[in-house]
Structure formats: structure tokens, C-alpha cells
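These entries record what I looked up in the structure. I began with how helices meet one another and then turned to the metal site and to single residues.

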Amino acid sequence: MITTTIAGSLPKPSWLATPEKLWAPWKLEGDALQEGQQDAALAWIKFQEDAGIDIVGDGEQFRKHFVHGFLEHIDGIDWDRMTTMGIRDDRYDAQVPTVTSAVRRTGSVHGASTRFCRQRTRHKLKMTLPGPMTICDTIADAHYGSRPAMAMAFAELLNQEALELEAIGVDVIQFDEPAFNAFMSQVGEWGVDALHRAAEGLKCKTAVHICYGYGIQENIDWKNSLGEEWRQYEEFFPALNDSRIDQVSLECANSRVPLSVLGMLKDKEVLVGAIDVACHDIETPEQVAATLRAALEFVDPERLIACTNCGMAPLPRAVAEGKLTALGAGAALLSKELG
Ligand code: ZN
């Protein structure tokens with residue numbers, strides 16, 4: 001049986017936030033916002049269950065953005081001191097807040113929402129957190145003076161949060177590290193160390209999601225500059241395979257990453273992205289099965305988990321629904337074939 005899961009985010013319903021937009025402002029506030037987020041998460045959990053997704057998530061319905069959703073609850077960050085920073089190695093500019101003193105977690109970030117989801121599904125539950133390197137690439141530093149030092153400080157806070165989520169009953173905690181792909185040489189130098197600090201003491205499954213980014217124009221332009229084959233992963237997969245993180249999530253649908261690089265992750269469970277999140281065409285179950293089948297040449301079936309390439313937050317809701325259904329059906333097709 002091929003296990004299925006999702007990379008993370010799913011679209012917000014149009015009554016909760018403006019659709020097809022990253023960083024979309026909430027349409028509700030106060031108690032109504034909390035209730036709306038819960039209803040949206042519940043709808044997605046039910047949808048995932050019906051689509052045959054084994055390890056479900058909240059679709060990140062409780063946060064506006066995968067990095068700032070965490071940072072908003074951290075002391076030591078000045079949100080009035082916004083700095084324009086070229087992020088992902090200058091791929092695009094973003095307005096980011098500034099770290100002005102030692103960072104500190106003021107309380108639980110995702111505890112209440114995770115408890116809500118845990119009580120409402122018997123399926124395995126996955127929660128995502130931003131990875132330390134990606135946090136450091138999404139915030140300006142006026143305190144630590146070095147990225148590795150700041151990453152370790154954030155990793156400690158992520159660890160506090162992760163241990164709390166594990167105690168609530170989360171089965172998989174995933175750290176999102178799209179920045180790994182922009183700073184390849186630094187992954188082995190300090191990126192994996194920071195991940196290990198974030199995951200220290202966890203007994204649940206741990207995962208890291210890496211990718212070439214959402215389907216926004218800056219990323220599409222960058223991808224077009226990378227040539228026929230994307231071999232960036234080769235530089236840091238040895239460090240990742242040697243790490244204590246259990247699972248690696250990456251995109252394989254319509255990606256120019258040669259599938260042979262999956263062979264470098266022989267000690268990991270591999271979340272094979274079989275759903276392209278950068279186009280609105282809905283895959284057929286046969287296409288999903290074909291992507292997974294191709295990956296099987298390099299990953300044993302018991303280590304392969306069918307997944308989406310990346311988060312689906314910017315997609316229209318109906319498209320994301322169609323893609324989730326295709327993911328479940330495609331994995332089922334392949335499972336049947338494998339017997
Ligand atoms: Zn991604």
C-alpha cells in the first residue's frame with residue numbers, strides 16, 4: 001500500500017480570505033475568525049479523508065503565511081522596522097520584519113489549532129513549521145550578526161513548539177526548508193545542524209520539505225534559468241541522507257529534477273510530489289500513478305509516500321480539491337498494481 005499525504009497548505013475558502021493570493025488578508029476577525037479557521041480546517045480534513053489521504057493536515061488554515069504565521073508569536077522581532085530584503089538568494093524582494101533582540105517564544109503558536117484538529121480526525125495528523133534556515137532568509141537581522149547563530153536561536157523555539165505539538169498527538173512534524181535550495185553549500189555547514197536542534201527529542205516522525213518554490217512568476221523565471229536538468233539537490237542530499245530527519249518531501253511532477261537523485265536518499269522515507277501545484281490542470285489518477293511508478297525505480301515502495309509537490313494555497317479551491325482526489329486515486333491505482 002502506498003501511503004498518501006500533502007505537503008502542507010491548501011486554499012482558504014473565499015469567505016475566510018481572498019482566494020488565489022499569498023498573504024491574503026483575513027475577511028473575519030476575533031472569535032469569528034477563529035471559528036472560520038476551524039470550519040475551514042475541518043472541511044479540508046474531511047475532504048482529505050474522503051480523497052483517500054492517509055496522513056492529513058489542517059491545510060494551514062490558521063495562518064496567513066507559512067513563515068510569518070510562526071514569527072508573529074515570537075518576541076524580539078520588530079514588525080514596525082520592515083526591511084526590503086532579496087530573499088532566496090536574491091530571487092525576489094520581500095518586505096520583512098527585523099530581529100532586534102534575543103528571540104523568545106511567548107507561548108504556544110499552533111497548540112490550540114492542533115488540539116482542535118487532533119480531536120476531529122482518527123487519521124494520522126501532520127503539522128508543518130518553517131525551518132530555521134528559511135526563517136533566517138525571511139527576516140532581517142539586527143541582533144545576532146550571523147545566520148547560523150540566528151538559525152540556532154530560532155531552532156530552539158521551533159523545538160519547544162514541536163515538542164508541544166507532539167504531546168498533543170501529532171504523528172508527523174515537517175519543517176519547510178525551501179531556502180535549502182538557494183543556499184546549497186550551507187545546508188551541510190549549518191542547515192542540518194539547525195534542523196537537528198529543531199527536531200531534538202522528538203519521537204514522532206520528522207520531515208523536511210524542500211522545493212523550487214510556488215508557481216509565482218519570480219520562481220517560474222528562476223526555474224527557466226536552471227537548464228534542462230535541475231541537479232541542485234545533489235549538492236546537499238548526502239548531508240540530508242546522513243541527517244536524523246526521517247522523511248524528505250520534494251517535487252517530482254512536471255519537475256526537471258532527475259528522479260535518479262532520489263537514489264541518494266536511500267535511508268529516508270521520500271514524499272514524492274506527484275501533483276504539480278504550479279498549474280491549474282488537474283492530473284488524472286493515471287498520471288499520478290505514472291509519476292510514482294517512475295520514482296519506484298529509485299525508492300522502495302515501503303519508503304515511498306505519495307504527496308503534492310508543494311503547498312496548494314494559491315490555487316482555486318476546486319482545483320485543489322480535484323488534485324487531492326487525483327492524488328488519492330492515483331496512489332490507490334499503484335497500490336493495486338503492486339498487489
Ligand atoms: Zn514547497
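**Entry 1. Terms and model.** I take contact to mean heavy atoms within 4.5 Å. I note that the model is predicted.

**Entry 2. Helices α10 and α11.** I looked up helix α10, residues 285-295, and helix α11, residues 317-338; their axes come within 7 Å and cross at roughly 60 degrees. I therefore enter α10 as oblique to α11. The crossing in which α10 passes α11 is right-handed. From α10 I list P285, E286, V288, A289, L292 and R293, which meet A326, L327, A329, G330, A331, L333, L334 and E337 of α11. Sorted by class, the residues of this contact of α10 with α11 are 10 nonpolar, one polar and three charged.

**Entry 3. Helices α1 and α11.** I next followed α11 to helix α1, residues 30-51. The axes of α1 and α11 come within 8 Å, and they cross at roughly 35 degrees. On the α1 side I find A43, W44, F47, Q48 and A51; on the α11 side I find R317, A320, E321, L324, T325, G328 and A329. I count the classes in the contact of α1 with α11 as seven nonpolar, three polar and two charged. I note that A329 of α11 is listed in the contact with α10 and also in the contact with α1.

**Entry 4. Helices α1 and α4.** I then asked at what angle α1 crosses helix α4, residues 111-120. Their axes cross at roughly 40 degrees and come within 11 Å. I therefore record α1 as oblique to α4. α1 passes α4 in a right-handed crossing. Q38, A41, L42 and I45 of α1 make the contact with F116, C117 and R120 of α4. By class, I enter five nonpolar residues, one polar and one charged for the contact of α1 with α4.

**Entry 5. Zinc site.** Which atoms coordinate the zinc ion? I find NE2 of H209, SG of C211 and SG of C310, at 2.1 to 2.3 Å. The spacing of these donor residues in sequence is H-x1-C-x98-C. I checked the accessibility of two of the donors. H209 has 4% relative accessibility and so counts as buried, the cut-off being under 20%. C211, at 5% relative accessibility, counts as buried as well.

**Entry 6. T291 in α10.** I returned to α10, where T291 is found. Is T291 buried or exposed? I enter T291 as buried, because its relative accessibility is 17%. Setting aside neighbours within four places in sequence, I find T291 in contact with C252, A253, G273 and A274. I also looked up the pair T291 and I275: they are 16 residues apart in sequence, and their C-alpha atoms are 8.9 Å apart in space.

**Entry 7. Positive phi values.** I looked up two residues other than glycine with positive phi. For W23, phi is near 60 degrees. I place W23 in the loop between β1 (3-4) and α1. W23 has a relative accessible area of 40%, so I record W23 as partly exposed. For N254, phi is near 50 degrees. I place N254 in the loop between β9 (247-251) and β10 (269-273). N254 has 64% relative accessibility and therefore counts as exposed.

Terms used. Residues are numbered from 1 along each chain as its sequence is written. This is a predicted model: local features need pLDDT of at least 70, side-chain atom pairs count only at pLDDT 80 or more; totals for chains, interfaces and linings use all residues. Side-chain values use heavy atoms; hydrogens and water are left out. Axes are lines fitted to C-alpha atoms, for helices over the stretch in contact, and angles run from 0 to 180 degrees between N-to-C directions. Helices (H or I, at least four residues) and strands (E, at least two) are DSSP runs, numbered from the N terminus. Angles under 35 degrees count as roughly parallel, over 145 as roughly antiparallel, 65 to 115 as roughly perpendicular and the rest as oblique. A crossing is left-handed if the near helix is turned anticlockwise from the far one by less than a right angle, and right-handed if clockwise. Ala, Val, Leu, Ile, Met, Phe, Trp, Tyr, Cys and Pro count as nonpolar, Asp, Glu, Lys and Arg as charged, and the others, Gly among them, as polar. Donors are N, O and S atoms within 2.8 Å of the metal (3.2 Å for Na, K and Ca); water is not among the atoms, so sites may look incomplete. Buried means under 20% relative accessible area, exposed over 50%, partly exposed in between (1.4 Å probe, protein chains only).
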